[in-house]
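This briefing goes through a single protein chain, topic by topic. Please keep the sequence and the 3D view open while reading.

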Amino acid sequence: MGKLKQSLMGALLAATSIAGLQGVANADTKVIHAGKLLAVPGEAAKKQQTVIIVDGRIKEVRDGYIAPSEFGNDIKFVDLKNSFVMPGLMDMHVHIQMELGPGNDSEKLRLSAADIGMQSVYFANKTLMAGFTTVRDMGNEYTHINALRDGVEKGWIAGPRVIAGRMVAATGGHGDIDGMRHDLLEKYTSSTICDGADNCLRAVREAVKYGADVIKITATGGVLSDTTTGTDQQMTDSEMKAIMDTAHGLGRRVAAHAHSAGGINAALRAGVDSIEHGTYADKESIKLFKQNDAFLVPTLLAGDTVVQMAKAGTISSPAIRDKALRVGADLVENFGRAYKGGVKIAYGTDSGVSQHGTNAQEAVLMKQAGMSEMDIIKAATVVAAELADMSDSLGTIESGKHADIIAVNGNPLDNIAELLDVDFVMKAGTVHKNQ
């Protein structure tokens, strides 16, 4: 009787295995042979790995090179035996509808809404081709960015997964319109400009109503505001607290643009989820980051870009040029303090200030500031996924997660600049680049 039971169990297991393989064979299945695979950034990379992808998600990762024929006759095979394979990169601070450069201000007035929408599709594709499969857009015209987000999700557009942010700012503060004739200021001023706690509560509700995935506030002044109001705190403590409570109550994270220590600390005390830039973070800031389990999104590339533009004379406004030379340089210099202090770092570039498609330059600057290669990659994968509340589906190459996978020729753990030349890009199981 025991032998009969064992025989029946063996037959059942065999039938289950065959059924499982048939299920894989009948689905959209891809098999990758990875010469070196960093499946979970923070853990050691492994050699000679097989990644099985079914209907856009990771089915399994196996040791060794498993023959694709094991999974059926219609399997799509991707040979990356000579490559370093890793999860798709994530940029937590972009502006996908704009790009700074000579003539940028006049271009804003020439481009129609449709032009801007088409341009954002172009920038999104450049970002995807650079290996960034998910981005968090931190402030654009909301109907356009929502349409881009939804178009990518529906497969109409080849671009990174988009987390759409909406900016809430104080009247006359960074994020409001400046540097134009008064009638144009009135025309372009957004209804998410607010003053006072109750009015800021209203602005958050409106942003969420119209589709915002995340709320961005401008806690302090900013470099690219054409005004001499500086980079100190601009939103009041009570305004920020009202924004945090309302956004969190509606299930939205809040990111705070902040340069000065006072503004950073006020935003952290109010309960912000991430600080963008964080230029002058001090010892108190580091303490508050840790207490609140908050993230720093450093955007070193933006700082470096505006410094180079100011030195080259391509920034015409004296107010912007002076801030760019001071704040941009300090941003890169001071980042190392937060990293060494143990603050959680999520990768973000502020692309749109820099050119889209050059997002990996941030990694080079982070390395120059003292961050290890593994920690840089973690910031752009595991930590970014945590900030985006998508750790269950992104950030690693593990069973059940989206098949967002990139590959490079060299080993970025030895030379982070390898990320500047991504050869293979897969997003949700679809191959977008394979050189």
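The notes below cover the overall make-up and confidence, the nonpolar cores, the ring contacts, and a few individual residues.

The model is a predicted one. The protein chain has 14 helices and 16 strands, and 54% of its 435 residues count as buried. Its average pLDDT is 89.

**Confidence and overall make-up**

- A pLDDT of at least 70 is reached by 87% of the residues.
- Residues 1-6 stay under 50 in pLDDT, and the model gives them 0 contacts beyond four places in sequence.
- Residues 8-23 also have a pLDDT below 50; this stretch has 2 contacts in the model beyond near neighbours in sequence.
- Where pLDDT is low, predicted coordinates should not be read in detail.
- Among contacts in the protein chain with a separation of 6 or more, 68% join residues 24 or more positions apart.

**Nonpolar cores**

- Nonpolar side chains in soluble globular proteins tend to be buried together.
- The largest nonpolar core holds 65 residues, and the members that touch the most others are Ile215, Ile217 and Ile275.
- Outside its neighbours within four places in sequence, Ile275 contacts Ala256, Ala258, Ile264, Ala267, Leu268, Phe289, Phe295, Leu296 and Val297.
- A second core, separate from that one, has 17 residues, including Leu37, Val51, Val78 and Met426.

**Aromatic rings**

- There are 4 aromatic pairs in the structure.
- One of them joins Tyr142 and Tyr210, whose ring centres are 5.4 Å apart. This pair is classed as tilted because the planes meet at 50°, and the tilted class lies between the cut-offs of 30 and 60 degrees.
- Tyr142 belongs to helix α4 (residues 142-153), while Tyr210 is in the loop between α6 (197-209) and β9 (214-218). The pair therefore ties together parts that are 68 residues apart in sequence.
- Both rings belong to partly exposed residues: the relative accessible area is 22% for Tyr142 and 37% for Tyr210.
- Phe335 and Tyr339 form a stacked aromatic pair, with 6.4 Å centre to centre and 10° between the planes.
- Phe335 and Tyr339 lie 4 residues apart in helix α11 (residues 318-340), so about one helical turn separates them.
- Phe335 counts as buried, at 3% relative accessibility.
- Tyr65 has a charge over its ring: the charged end of Lys81 sits there, 5.4 Å from the ring centre.

**Arg136, a buried arginine**

- Arg136 is placed in strand β6 (residues 132-137).
- With 2% relative accessibility, Arg136 counts as buried, because the cut-off for buried is under 20%.
- A polar atom of the Arg136 side chain lies 2.8 Å from the backbone oxygen of Met92.
- Arg136 and Met92 are 44 residues apart along the chain, yet their C-alpha atoms are separated by 4.6 Å.
- Not counting residues up to four places away in sequence, Arg136 touches Asp91, Met92, His93, Val94, Ile163, Val214, Ala255, Ser274, Glu276, Val297 and Leu387.

**Asn411, a buried loop residue**

- Asn411 is in the loop between β14 (405-408) and β15 (424-427).
- The relative accessible area of Asn411 is 18%, and the residue is buried.
- Its side chain reaches the backbone nitrogen of Leu413 at 2.8 Å.
- Apart from neighbours within four places in sequence, Asn411 is in contact with Lys36, Phe84 and Glu418.

**Positive phi values**

- Most residues other than glycine have a negative phi. Two exceptions are listed here by residue.
- Thr299 has a positive phi, near 55°. Thr299 sits in the loop between β12 (295-297) and α10 (300-312), and is buried at a relative accessible area of 0%.
- Asp350 also has a positive phi, near 65°. Asp350 is found in the loop between β13 (344-345) and α12 (361-368), and is buried with a relative accessible area of 7%.

Key. Residues are numbered from 1 along each chain as its sequence is written. This is a predicted model: local features need pLDDT of at least 70, side-chain atom pairs count only at pLDDT 80 or more; totals for chains, interfaces and linings use all residues. Side-chain values use heavy atoms; hydrogens and water are left out. A nonpolar core is a set of buried Ala, Val, Leu, Ile, Met, Phe, Trp, Tyr and Cys residues joined through side-chain atoms within 4.5 Å. Buried means under 20% relative accessible area, exposed over 50%, partly exposed in between (1.4 Å probe, protein chains only). Contact means heavy atoms within 4.5 Å. Rings of Phe, Tyr and Trp (its six-membered ring) pair if their centres lie within 6.5 Å; planes under 30 degrees apart count as stacked, over 60 as edge-to-face and the rest as tilted. Helices (H or I, at least four residues) and strands (E, at least two) are DSSP runs, numbered from the N terminus. A charge sits over a ring if NZ of Lys or CZ of Arg is within 6 Å of the ring centre and within 35 degrees of the ring normal. pLDDT is the predictor's confidence in each residue, from 0 to 100. A polar contact is a pair of N or O atoms within 3.5 Å; within protein, one must be able to donate a hydrogen and the other to accept it, and residues adjacent in sequence count only if both atoms are side-chain atoms.
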